[in-house]
Amino acid sequence: MKKEGYYSSGTFAKMAHVTLRTLRYYDKKGILKPSLVTDSGARFYTDADLARLQQILLLKYLGFSLEDIRELTIEDSDCSSMTDSLNLQLKLVRERIEQMQLVEKAIQDTADVLSREHTIDWSRMLNLIHLTGMENRLKNQYQNAGNISSRIRLHSLYSTNPQGWFPWIMEQCRITPGMRILELGCGDGTLWTDNLGGLPRQISVTLSDISEGMLRDARRAVGSGDSRFSFQSFDCAHIPFPEQSFHLVIANHVLFYCQDIPQVCREVRRVLKPGGRFLCSAYGSGHMKEISALVQEFDDRIVLAGEQLYEKFGRENGGEILSPFFSAVRWHAYEDSLLVRDADPLVSYVLSCHGNQNQYLLDRYREFRAFAARKTAGGFRVTKDAGIFLCEK
């Protein structure tokens with residue numbers, strides 16, 4: 001049998017430089033299923049399968065287990081999602097290179113001390129062990145970056161407000177020359193990379209994140225040569241700056257992840273100058289509610305979030321939480337909704353959530369994608385209930 005656009009398993013194995021046994025094993029493990037299986041049992045693969053195999057082989061080379069790979073890879077059926085995937089893999093490779101350079105230096109330093117002093121420095125040995133245990137940290141960073149990308153992509157493709165969230169946030173910041181600015185939880189720096197052209201030259205911006213990996217992504221994206229920006233990793237409950245250091249502090253989708261929100265507010269107030277402003281974003285209880293209803297209709301065991309973020313800090317209770325620390329607290333709503341017309345970005349968004357969805361969807365991926373395709377065929381409208389609290393000291 002010869003079918004246009006399909007490769008026999010033998011041809012596909014040769015193209016990918018793997019064995020037929022490897023393909024059969026990946027099929028058995030549910031990592032790479034053939035796109036077509038005939039009644040006679042012949043297996044056929046496509047170019048999309050080849051792209052997925054590329055991800056699998058790279059992650060395997062970088063030290064991930066097959067169970068990890070099964071969770072980290074999902075079929076990509078359009079150019080945009082494949083581009084996102086390749087960019088994430090590029091970040092992962094760069095991260096691995098940087099960390100292996102640290103390992104190389106640690107080994108060399110340990111060997112030099114041993115050769116020079118003829119004694120073992122156990123603190124160096126422990127540091128070396130710590131550096132070589134990188135797989136879980138790489139996995140977490142890859143997952144976090146992929147999840148953020150999936151969420152941003154859904155909003156950028158289908159938002160009905162043409163301005164976009166990040167330009168709107170920047171507009172609310174009202175940045176003027178001479179300002180000193182701190183962003184808490186900067187992620188990959190998208191707020192700044194989306195708005196670099198409109199920023200004054202005479203400002204100082206400190207980008208911070210508790211994740212060293214995300215901070216490296218932000219540094220690469222913004223550019224280490226831009227003297228306006230500095231980068232520092234710390235927990236926002238303990239901000240390592242003197243009192244009255246900043247005119248503006250930004251926390252974009254951050255506070256509801258914090259263990260001690262009042263402590264973060266105290267720290268923000270401490271480092272703000274008199275009259276300084278604190279801009280923090282939040283969701284309301286109606287945000288993206290149609291997506292939760294969609295997955296519940298498909299499988300009522302699925303919960304997209306272990307906890308509702310808006311219950312911890314949201315539109316409804318944020319003012320009450322912030323008021324003890326700031327003299328003026330005002331809510332500004334971002335007027336927007338989504339009109340989703342394609343299944344793939346919606347499916348990627350669902351898989352990026354913090355709930356139990358992967359437990360039930362990974363084995364039924366194609367079935368769920370077909371379900372989502374039916375729901376989006378005539379346009380699937382999603383409520384957005386988001387905005388910012390603008391506070392003054």
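Contact here means heavy atoms within 4.5 Å. By that criterion, and not counting residues up to four places away in sequence, tryptophan 192 touches Met170, Ile175, Ile181, Glu183, Leu199, Val205, Leu207, Val222, Phe229 and Ile250. The structure is a predicted model, and the points below take up tryptophan 192, the nonpolar cores, one pair of packed helices, and three loop residues.

**Tryptophan 192**

- Tryptophan 192 belongs to helix H9, which covers residues 190-193, and its relative accessibility is 0%, so the residue counts as buried, the limit being under 20%.
- Among the residues it touches, Glu183 also takes part in a polar contact, in which the side chain of tryptophan 192 and the side chain of glutamate 183 are 2.6 Å apart.
- Phenylalanine 166 is 26 residues away from tryptophan 192 along the chain, and the C-alpha atoms of the two are separated by 8.4 Å.

**Nonpolar cores**

- In soluble globular proteins, nonpolar side chains tend to be buried together.
- The largest nonpolar core in this model has 30 residues, and within it Phe278 and Leu322 are those with the most contacts.
- Two or more residues of this core come from each of S4, strand S7 (246-251), helix H11 (261-271), strand S8 (272-283) and strand S12 (386-392), with H11 giving the most, namely five residues.
- Leucine 322, when its neighbours within four places in sequence are left aside, is in contact with Leu255, Cys265, Phe278, Cys280, Phe313, Val329, Phe389 and Cys391.
- A second core, separate from the one just described, has 28 residues and includes Cys173, Leu199, Val222 and Ile388; of these, Leu199 and Val222 are also among the residues touched by tryptophan 192.

**Packing of helices H12 and H15**

- Helix H12 (residues 289-298) packs with helix H15 (residues 343-351) at an angle of about 85°, and the axes of the two helices are 11 Å apart.
- Because angles of 65 to 115 degrees count as roughly perpendicular, H12 and H15 are described as roughly perpendicular to each other.
- On the H12 side the meeting residues are Ile291, Leu294 and Val295, while H15 contributes Leu346, Tyr349 and Val350.
- The residues of this contact between H12 and H15 divide into six nonpolar, no polar and no charged.

**Asparagine 161**

- Asparagine 161 is placed in the loop between helix H7 (135-158) and helix H8 (165-173), and with a relative accessible area of 18% the residue is buried, since the limit is under 20%.
- Its contacts, apart from neighbours within four places in sequence, are with Tyr334, Glu335 and Asp336.
- At glutamate 335 the partner is the backbone oxygen, which the side chain of asparagine 161 reaches at 2.9 Å.

**Loop residues with positive phi**

- Histidine 17 has a positive phi of about 60° although it is not a glycine, and this residue lies in the loop between helix H1 (9-16) and helix H2 (20-28).
- With a relative accessible area of 73%, histidine 17 is exposed, because the class begins over 50%.
- Arginine 174, likewise a residue other than glycine, has a positive phi near 50°, and its place is in the loop between H8 and strand S4 (180-184).
- The relative accessible area of arginine 174 is 46%, so this residue is partly exposed.

Terms used. Residues numbered from 1 in each chain as written. Predicted model: local features only at pLDDT ≥ 70, side-chain atom pairs only at ≥ 80, totals over all residues. Heavy atoms only, no water. Helix = DSSP H or I, 4+ residues; strand = E, 2+ residues; numbered from the N terminus. Buried < 20%, exposed > 50% of the residue type's maximum accessible area, 1.4 Å probe, protein only. Polar contact = N/O pair within 3.5 Å; in protein donor to acceptor, adjacent residues only side chain to side chain. Core = buried A, V, L, I, M, F, W, Y, C linked by side-chain atoms within 4.5 Å. Axes fitted to C-alpha atoms, helices over the stretch in contact; angles between N-to-C directions. Parallel < 35°, antiparallel > 145°, perpendicular 65-115°, else oblique. Nonpolar A, V, L, I, M, F, W, Y, C, P; charged D, E, K, R; others polar.
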